[in-house]
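Welcome, and please open your viewer before reading on. We will go from one selection to the next, with a short note on what to look for at each stop.

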Amino acid sequence: MLQRPRGTRDFLPDEMERRRLIEQRMLEAARRWGYREVCTPDFEHLELFTMKSGEGIIQEMYTFEDKGGRQMTLRPEVTAAVLRMYVNEGKVLPKPIRWCYVADCFRYERPQKGRYRQFWQFGIELIGADTASADAEVIMLADEVLNSSGVTFDLHVGHLAPMKHLLTDLSPEGQRAIMACLDKRDQGALEAALDELDHGHLSDPLAALSGCRTIEEIFEIAGDVPERARIEDTFALLDAQGIDYLPDFGIARGLDYYTGMVFEGFAQNLGAENQIIGGGAYRLAHLFGGDDVASCGFAIGFDRVMVSIGDFPLDSGTIVGVVCTPEARERALEAARAFRGAGFRTEVDLMQRGMGAQIAHAAKTADFAVVLGRREVDAGTVTLRNLETGEQREINLDDAIAEVARHGDR
RNA sequence: GCCAGGGUGGGGUAGACGGUUAUCCUAAGGGACUGUGGAUCCCUCGACCCGGGUUCGAAUCUCGGCCCUGGCCCCA
């Protein structure tokens with residue numbers, strides 16, 4: 001038998017309904033902040049992602065050559081594509097631009113809990129606003145979107161400036177190496193790397209940076225960095241709005257293109273892969289031929305959110321099963337159409353089963369049975385049976401619809 | 001790429017010092033039952049992940065692969 005590809009999943013209807021419900025809540029939260037949904041291609045030129053993240057990531061991407069000999073790839077993330085889209089078509093739009101998306105991404109990695117080769121991200125990008133208010137809005141929206149999903153999480157918010165200030169004497173490669181150690185919270189590797197770069201004296205301040213939990217301490221350690229006012233303003237806005245977060249200036253995100261504010265969120269029940277959101281302020285558009293516009297955004301690991309919140313009961317709405325004898329089939333289809341027209345999920349027997357078997361089936365899958373036979377056809381009525389209580393009445397179609405509607409309202 | 005534990009009908013399982021027709025539950029389809037319930041009874045359907053090796057004989061032992069679960073690495 002054919003297997004599905006490694007690291008991919010099939011979703012049965014119950015799971016799809018849960019996923020769509022959570023997705024809709026996230027989109028709705030974003031919509032209320034003015035973020036409108038966009039969509040970019042599932043595949044892009046390979047170059048788009050190597051420009052952003054370097055050649056090293058190719059081995060973890062689904063790359064292929066198309067029939068025209070172009071090097072293409074299934075998108076491994078969405079931000080680069082959205083910024084390409086901005087450069088292609090968004091430059092003339094009034095700033096700031098607020099966009100959001102839900103998109104599947106592909107990475108060739110070893111699957112484990114909460115990590116798949118095809119996975120979905122919910123994200124937003126705020127383009128063209130370079131202020132503390134913009135940074136704060138993105139964090140507040142992240143908080144609201146995650147809360148709307150019902151996931152419980154810890155939010156860590158930081159800024160790269162203090163760390164970069166401490167590392168200012170180091171070469172870009174050196175900075176990158178140190179930030180990688182900090183991102184991993186690997187004290188041993190950090191000290192080794194610092195010694196190798198002849199900056200052992202930075203070990204204590206860097207450790208203190210990761211450890212401190214108020215912004216006053218930050219500037220005691222890192223000095224009066226130019227971004228101080230911006231950082232203080234951002235955090236003051238978050239505090240004023242009652243956002244529950246942890247200042248964390250040890251976040252390095254290991255990335256070259258983040259320029260200022262950075263944040264991460266972590267959920268429970270997730271094992272080793274417990275980060276469910278990452279984001280921050282960045283500059284990318286100039287890489288794709290646009291202006292050097294400031295942007296800020298985040299991406300949520302949608303599948304991880306779903307794993308973390310677990311299964312929950314679904315309200316499938318009121319379901320109607322139409323049961324009929326052969327001579328009443330046409331009338332049954334009419335009745336079904338009327339119930340569907342009233343908005344009810346309505347299923348008609350297709351198996352040519354006997355009346356008893358049809359009702360037995362309806363009892364398993366529906367809330368009401370609408371029974372139609374010779375008697376109802378002659379009388380122009382339907383028999384409506386409540387499959388919970390077993391009560392049934394022979395009434396006209398409109399009354400039956402009204403009664404089912406009352407059940408749905410309760 | 002590395003490590004650990006796994007893989008028996010659609011789901012859940014028994015069988016394991018190698019030995020009859022591979023167990024049971026459940027689901028699904030049919031029937032008892034051509035106008036009324038999830039019960040009951042009967043029937044049907046349907047599995048040893050793939051390949052090599054050892055053997056008279058492999059679900060069982062062995063090797064390799066694939067896949068699953070979790071961890072490492074990575075995490076744009």
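Start by selecting Glu125: this residue is buried yet forms no salt bridge, and the nearest side chain of opposite charge, Lys52, is 7.9 Å away. A salt bridge here needs a side-chain nitrogen of Lys or Arg within 4 Å of a carboxyl oxygen of Asp or Glu. Keep in mind throughout that you are looking at a predicted model.

**Stop 1: around Glu125**

Colour strand β6, residues 118-127, and you will find Glu125 in that strand. What does the side chain of Glu125 make a polar contact with at 2.8 Å? Show the side chain of Thr79 to see that partner. Now add Tyr282, whose side chain makes a polar contact with the side chain of Glu125 at 2.5 Å.

To fill in the surroundings, leave aside the neighbours within four places in sequence and display the residues in contact with Glu125. They are Tyr35, Thr79, Val82, Ile97, Arg98, Trp99, Tyr101, Tyr282, Cys296 and Gly297.

**Stop 2: zoom out to the whole chain**

Chain A holds 15 helices and 16 strands. Its C-alpha atoms fill a box of roughly 95 × 55 × 45 Å along the principal axes. How does the radius of gyration of chain A stand against that of a compact globule of 410 residues? Chain A has 28 Å, whereas the globule would have a value near 22 Å.

Of the 410 residues, 49% count as buried. The accessible surface comes to about 20500 Å², and carbon and sulfur atoms hold 48% of that surface. If you plot a contact map, consider the contacts with a separation of 6 or more: residues 24 or more positions apart account for 66% of them.

**Stop 3: salt bridges**

Side chains of opposite charge can pair when their charged atoms come close. A search of the whole structure finds 26 salt bridges, and a few of them make good selections.

Pick Arg75 and Asp104, which form a salt bridge with their closest N and O atoms 3.2 Å apart. This pair links distant parts of the chain, with Arg75 in the loop between β4 (71-74) and α3 (79-90) and Asp104 in strand β5 (residues 97-106), 29 residues apart. Are these two partners buried or exposed? Arg75 counts as buried because its relative accessibility is 3%, and Asp104 is also buried at 13%.

Next, select Arg115 and Glu109, whose side chains meet in a salt bridge at 3.9 Å, N to O. Both Arg115 and Glu109 are buried.

Then move to Arg393 and Glu403, where the closest N and O atoms of the salt bridge are 2.4 Å apart. Arg393 belongs to strand β16 (residues 392-395) and Glu403 to helix α15 (residues 397-409), so this pair ties together parts 10 residues apart in sequence. Arg393 is partly exposed, at 46% relative accessibility, and Glu403 is partly exposed too, with a relative accessible area of 21%.

Before leaving the charged residues, select Asp130, Asp135, Arg230, Arg283 and Asp292 together: they are linked in a network of salt bridges.

**Stop 4: two residues in helices**

Go to helix α12 (residues 329-341) and select Ala332. With a relative accessible area of 0%, Ala332 is buried. Beyond the neighbours within four places in sequence, Ala332 is in contact with Val322, Cys324 and Leu372. Draw a distance from the C-alpha atom of Ala332 to that of Gly373: these residues are 41 apart along the chain, and the separation in space is 8.8 Å.

Helix α7 (residues 187-196) is where Leu190 sits. Leu190 has a relative accessible area of 2%, so this residue counts as buried. Setting aside neighbours within four places in sequence, the contacts of Leu190 are Ile178, Cys181, Leu182 and Leu206. The C-alpha atoms of Leu190 and Ile178 are separated by 6.3 Å, with their positions 12 residues apart along the chain.

**Last stop: a loop**

Finish at Glu60, in the loop between α2 (46-53) and β3 (63-65). Why does Glu60 count as partly exposed? Its relative accessibility is 38%, and partly exposed covers the range between under 20% and over 50%. Apart from neighbours within four places in sequence, Glu60 is in contact with Arg107, Tyr108 and Glu109; Glu109 is also the salt-bridge partner of Arg115.

Key
Residues numbered from 1 in each chain as written. Chains lettered and ligands numbered in written order. Predicted model: local features only at pLDDT ≥ 70, side-chain atom pairs only at ≥ 80, totals over all residues. Heavy atoms only, no water. Helix = DSSP H or I, 4+ residues; strand = E, 2+ residues; numbered from the N terminus. Buried < 20%, exposed > 50% of the residue type's maximum accessible area, 1.4 Å probe, protein only. Lys, Arg positive; Asp, Glu negative; His and termini not counted. Polar contact = N/O pair within 3.5 Å; in protein donor to acceptor, adjacent residues only side chain to side chain. Contact = heavy atoms within 4.5 Å. Rg over C-alpha atoms; globule rule 2.2 N^0.38 Å. Areas by Shrake-Rupley, 256 points an atom, 1.4 Å probe, with all protein chains shown as cover.
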